[in-house]
Amino acid sequence: MSFSSVSSDDGSGTFPWHRTAAGGMAERGRMGGDPPGSPSRRWEGSSVQVLDPADRAVIRIADERDQVQKKTFTKWVNKHLNKVRRHVEDLYMDLRDGHNLISLLEVLSGETLPREKGHMRFHRLQNCQIALDFLKYKHIKLVNIRNIDIADGNPKLTLGLIWTIILHFQISDIIVPG
């Protein structure tokens with residue numbers, strides 16, 4: 001990523017950021033623009049790096065893409081879960097206990113899967129593992145997706161898991177006449 005120089009907006013001609021004796025970055029004066037923690041700044045140790053507009057745009061587009069995927073995948077999951085009178089509001093949160101994930105796989109496969117009844121973390125992890133083991137049994141390749149990732153609501157890996165399920169159960173059934 002590239003970083004742009006930031007000049008003072010108070011007319012003094014000095015930079016609001018200057019190098020410290022230790023080589024780190026220190027703030028000097030007033031800094032306009034985005035607040036700390038926004039996508040335009042990356043904090044690494046004691047130094048602050050300001051992202052240029054192109055890098056901010058890339059981050060913004062990636063966030064928008066993730067939101068579109070989340071919304072689309074949630075609708076697809078709900079279309080199938082409605083058959084067993086279940087519903088998902090937030091894809092990441094509502095798959096964490098594994099029950100909706102197991103129900104989705106049951107609807108798609110027509111098979112019945114076991115599930116843990118408790119509400120402790122162990123039961124959630126076990127339910128997610130049951131779903132992942134079923135996918136492996138069906139010879140569906142899962143790359144770097146673990147039960148803990150789903151139980152923790154990891155957005156990227158949850159989207160990846162749902163996309164893999166869509167590919168296997170939905171798109172693989174499409175036959176293009178030639």
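Which residue's side chain meets that of Arg121 in a salt bridge? In this predicted model, the partner is Asp152, with N and O 3.0 Å apart. The pair links distant parts of the chain: Arg121 belongs to helix H4 (residues 121–137), whereas Asp152 lies in the loop between helix H5 (147–151) and helix H6 (155–169), 31 residues apart. Both partners are partly exposed, Arg121 having a relative accessible area of 40% and Asp152 one of 43%.

Salt bridges that share partners also join Arg65, Asp66 and Lys156 into one network. Within this network, Asp66 pairs with Arg65, the closest N and O atoms being 3.7 Å apart. Asp66 is buried, with a relative accessible area of 14%, while Arg65 is partly exposed at 44%. The separation of 3.7 Å between Arg65 and Asp66 qualifies as a salt bridge because the criterion is a side-chain nitrogen within 4 Å of a carboxyl oxygen. Over the whole structure, the search finds eight salt bridges.

A further salt bridge connects Arg115 with Glu106, and here the closest N and O atoms are 3.0 Å apart. Arg115 is partly exposed, with a relative accessible area of 22%, and Glu106 is buried, with a value of 18%. These two residues fall into separate classes because the limit for burial is set at under 20% relative accessible area. Arg115 also takes part in the surroundings of Ser103, a residue of helix H3 (residues 99–109). Leaving aside neighbours within four places in sequence, Ser103 is in contact with Leu81, Val84, Arg86 and Arg115. Ser103 itself is buried, at 5% relative accessibility.

Helix H4, which contains Arg121, was examined in further detail. H4 comprises 17 residues and spans 24 Å from its first C-alpha to its last, close to the 24 Å expected at 1.5 Å a residue. The buried residues of H4 are His123, Asn127, Cys128, Ile130, Ala131, Leu132, Phe134 and Leu135. These buried residues pack against H3, H5 and H6. Just after H4, His139 adopts a positive phi of about 60 degrees.

Aromatic pairing was considered next. The count comes to two aromatic pairs. In one of them, the rings of Phe73 and Trp163 have centres 6.1 Å apart and planes at 10 degrees, so the pair is stacked. Phe73 lies in helix H1 (residues 53–81) and Trp163 in helix H6, so this pair ties together parts that are 90 residues apart in sequence. Phe73 is buried at 9% relative accessibility, whereas Trp163 is partly exposed at 38%.

The rings of Phe134 and Tyr137 have their centres 6.5 Å apart and their planes at 35 degrees, so the pair is tilted. The angle of 35 degrees does not give a stacked pair because that class requires planes under 30 degrees apart. Phe134 and Tyr137 are three residues apart in helix H4 and are thus separated by about one helical turn. Phe134 is buried, with a relative accessibility of 6%, while Tyr137 is exposed, with a value of 60%.

Note on methods: Residues are numbered from 1 along each chain as its sequence is written. This is a predicted model: local features need pLDDT of at least 70, side-chain atom pairs count only at pLDDT 80 or more; totals for chains, interfaces and linings use all residues. Side-chain values use heavy atoms; hydrogens and water are left out. Buried means under 20% relative accessible area, exposed over 50%, partly exposed in between (1.4 Å probe, protein chains only). Helices (H or I, at least four residues) and strands (E, at least two) are DSSP runs, numbered from the N terminus. Contact means heavy atoms within 4.5 Å. The expected span of a helix is 1.5 Å times one less than its number of residues. Rings of Phe, Tyr and Trp (its six-membered ring) pair if their centres lie within 6.5 Å; planes under 30 degrees apart count as stacked, over 60 as edge-to-face and the rest as tilted.
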